[in-house]
Amino acid sequence: MPAVSPVTAAAVQFDPQVGLENKDGNVRRSIELINEAADRGATLIVLPELAGTGYGFADREEAYAHAEPVPGGPTTRAWAALARERGLHIVGGVAECDGVRLYDTAVLIGPDGVIGTYRKTHLWNREKLYFEPGDLGFPVFPTRIGRIGLLICWDIWFPEVARLLAVQGADVICSVNNWVWTPPPLFDEAGRCMAAYLTMTASHVNNLPIVAANRVGEERGGRFLGCSLITGTGGWPIGSVAPAEGEATVYADLDLAAARSAPIWNDLNDLVRDRRTDLYDPLLGYRGGDAFPR
């Protein structure tokens, strides 16, 4: 069968640095890398978490100084202009200010402008000192290429997030990340980190591709893991997993509509049908969003 919703996805791994003196350069570098990916045929391009600002804010004052409104801020406007010019869907992380509230936000942009935003639900470490926990739930956005769900970094450690996006009918999850080095062991013999395995698992158990972009480099004593990857509906990486160090872009051809096929693994097991919602839906308790049919 020919692909119904074919895209070439790109997970862009680079090294944005914190500091107001670096902000314009971060955005310029992101645009260069988006253009490189588009030149190679990518139509869905995912950048890391806080790609325009870097990550390691010293204090709340510095976090406020880096933040900008969404969708009206300069970073979102720059990505939107490029998406319009080249016919792209772009996902990237920004520090968002909404009045006096700050959020760690992922923005989804299409050829016609900003489609939607997601504010990080689960805050990691010192993020709790600057940002508010996300208040927009777990939205799934219909687009020209399919239904797109978003998550950010630490969210992948919570299996409920990917499941809630899946049951709402997402065709793909775009994951923007700043996965950091933690106490060893960090990598197994295959060179994969735990975040990569969590991404693969979320993809496998929900029958969804995930495009996961992480950053690299060091910043104010913090170090970042790289290991960006793109999974297919079966959960395995398509092509290579990016290295732990250095800029890299991982590509994969996806048919987003393939996620709507029933994940029937044998004559008696169907992933969706086998879910015991009678037992655990009352415990999960999430009632946000609209459930699109799959």
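Two rings of Phe, Tyr or Trp, the six-membered ring being used for Trp, form an aromatic pair if their centres lie within 6.5 Å. In this predicted model, the count by that rule comes to nine aromatic pairs. One of them joins Trp-181 and Phe-187, with 5.7 Å from centre to centre and 80° between the planes. The pair is edge-to-face, because the label applies to planes over 60 degrees apart.

Both partners can also be placed by their accessibility. Trp-181 has a relative accessibility of 29% and counts as partly exposed. Phe-187 is likewise partly exposed, at 29%. Neither value is under 20% or over 50%, so both residues fall in between buried and exposed. Trp-181 has a further neighbour: Arg-223 lies over the face of its ring, 3.8 Å from the ring centre. Elsewhere, ring pairs link Trp-124, Trp-154, Trp-157 and Phe-158 into a cluster.

The strands can be followed from the N terminus. Strand 1, residues 6-13, is mostly covered, with seven of its eight residues buried. Which strands does strand 1 pair with? One partner is strand 13, residues 248-255, which runs antiparallel to strand 1 and is joined to it by eight bridges. Another is strand 2, residues 44-46, where the sense is parallel and the bridges number three. Ala-10 illustrates both pairings: this residue stands opposite Tyr-251 in strand 13 and opposite Ile-45 in strand 2.

A second set of pairings is built around strand 4, residues 101-110. Nine of the ten residues of strand 4 are buried, which leaves the strand mostly covered. Strand 3, residues 89-98, is antiparallel to strand 4, and nine bridges join the two. Within this pairing, Glu-96 stands opposite Tyr-103. The hairpin of strand 3 and strand 4 has two residues between the strands, and Gly-99 takes a positive phi near 65° there.

Strand 4 also pairs with strand 5, residues 113-119, in the antiparallel sense over six bridges. These two strands form a hairpin as well, again with two residues between them. Leu-108 stands opposite Gly-116 in strand 5. A side-chain contact can be added to this picture: Arg-119 lies over the face of Tyr-103, at 3.9 Å from the ring centre.

From the strands we turn to the empty space. Rolling a probe the size of a water molecule over the atoms shows where such space is left. The largest pocket has a volume of about 440 Å³. Its lining consists of 22 residues, and those nearest the centre are Arg-163, Ala-166, Val-167, Gln-168 and Arg-275. Three elements give two or more residues to this lining: helix 5 (159-167), helix 6 (194-206) and helix 7 (277-284). Helix 5 supplies the largest share, four residues. What is the chemical make-up of the lining, divided into nonpolar, polar and charged residues? Eleven of the residues are nonpolar, six are polar and five are charged.

Helix 6 also holds Leu-198. This residue has a relative accessible area of 21% and is therefore partly exposed, since buried requires a value under 20%. Leu-198 and Ile-156 are 42 residues apart in sequence, yet their C-alpha atoms are 6.5 Å apart in space.

Definitions and conventions
Residues numbered from 1 in each chain as written. Predicted model: local features only at pLDDT ≥ 70, side-chain atom pairs only at ≥ 80, totals over all residues. Heavy atoms only, no water. 1 Å grid on protein atoms, 1.4 Å probe; cavity = no way out; pocket = protein on both sides within 12 Å on 5 of 7 lines; lining within 4 Å. Points joined across faces, edges and corners; volume = space filled by probe spheres on them. Nonpolar A, V, L, I, M, F, W, Y, C, P; charged D, E, K, R; others polar. Phe/Tyr/Trp six-rings, centres within 6.5 Å; stacked < 30°, edge-to-face > 60°. Buried < 20%, exposed > 50% of the residue type's maximum accessible area, 1.4 Å probe, protein only. Lys NZ or Arg CZ within 6 Å of the ring centre and 35° of its normal. Pairing = 2+ DSSP bridges.
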